[in-house]
Amino acid sequence: MRNWRAAGLAAAMALLAAGCAGGPRTVTVTGAPAPTGAAAASCRALLDALPDSLGEGLDRREVTPRGAAAAAFGSAPVLLTCGVEGVATAYRPDSVVSEHDGVRWFPEEADGRSRWSTPTRRPQVTLTFPDDVVPYNVIAAVNPAVLAHTVDTTP
C-alpha cells in the first residue's frame, strides 16, 4: 500500500520545485497517485468534471505528465490528487473532520501547507493548499465532482 503522506509530500514538493516547468500554464507533478481499474476510471471522471477555475486567481493549469491523477489551479498552485491509497497518518476513525455538502474532509498541516483529504471516500481525494488560499471556497468548488465520482465508505 502506498504511503499517503509520502505521496502527498512528493506531489507538493514537485509543485514547489517545478511550478512552471514546461510552460507558463504547465505544472509538472511527480509522486501523484497511479490508481488502477475502477479507481482510475473514477479519478479520470472526477478530473474531467472539475471546473476551469476554483475562484479568483485559481484558474486550472495543465499538468504533466499527461494522465497524472492530478489537477493544479493557480500560480502557487492548489493541487488536487485522486486515488491515493491509505489515509493520512494522523487520521483516526474518531478524528475531527469538516463536512461540506456531504463530503467529510480531514484537514492537517504539513511542511507549511494545508492538506485536506477524504479518508472516508474511494477513491480518496487530496487537496494541498498554499498558505494564501482559503480551503473552504476551493472545497465548495470541487465538492460536486467529488460527490459524483467517489463513493462514501462510512458504515
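**Exercise 1.** Work out how strand 5 and strand 6 are connected, and which turn residue has a positive phi.

*Solution.* Start with the connection: strand 5 and strand 6 form a hairpin with two residues between them. In its turn, Asp101 has a positive phi of about 50°. Next, look at the pairing: strand 5 (residues 98-100) and strand 6 (residues 103-110) are antiparallel, with three bridges. Strands here are DSSP runs of E with at least two residues, numbered from the N terminus, while helices are runs of H or I with at least four. Two strands pair if DSSP finds at least two bridges between them. Finally, His100 has Val103 of strand 6 as its bridge partner.

A word on the model: it is predicted, so local features need pLDDT of at least 70 and side-chain atom pairs count only at pLDDT 80 or more, whereas totals for chains, interfaces and linings use all residues. Residues are numbered from 1 along each chain as its sequence is written, and side-chain values use heavy atoms, leaving out hydrogens and water.

**Exercise 2.** Find how many bridges join strand 6 to strand 7.

*Solution.* Strand 7 covers residues 113-117, runs antiparallel to strand 6 and is joined to it by five bridges. One pair to check is Pro107 with Trp116 of strand 7. Now the turn: two residues lie between the strands of this hairpin, and Asp111 there has a positive phi of about 50°.

**Exercise 3.** Describe the crossing of helix 2 and helix 3.

*Solution.* The axes of helix 2 (residues 37-49) and helix 3 (residues 135-149) come within 9 Å and cross at roughly 155°. Helix 2 is therefore roughly antiparallel to helix 3 (angles over 145 degrees).

Terms used. Axes fitted to C-alpha atoms, helices over the stretch in contact; angles between N-to-C directions. Parallel < 35°, antiparallel > 145°, perpendicular 65-115°, else oblique. Left-handed = near helix turned anticlockwise from the far one by under 90°.
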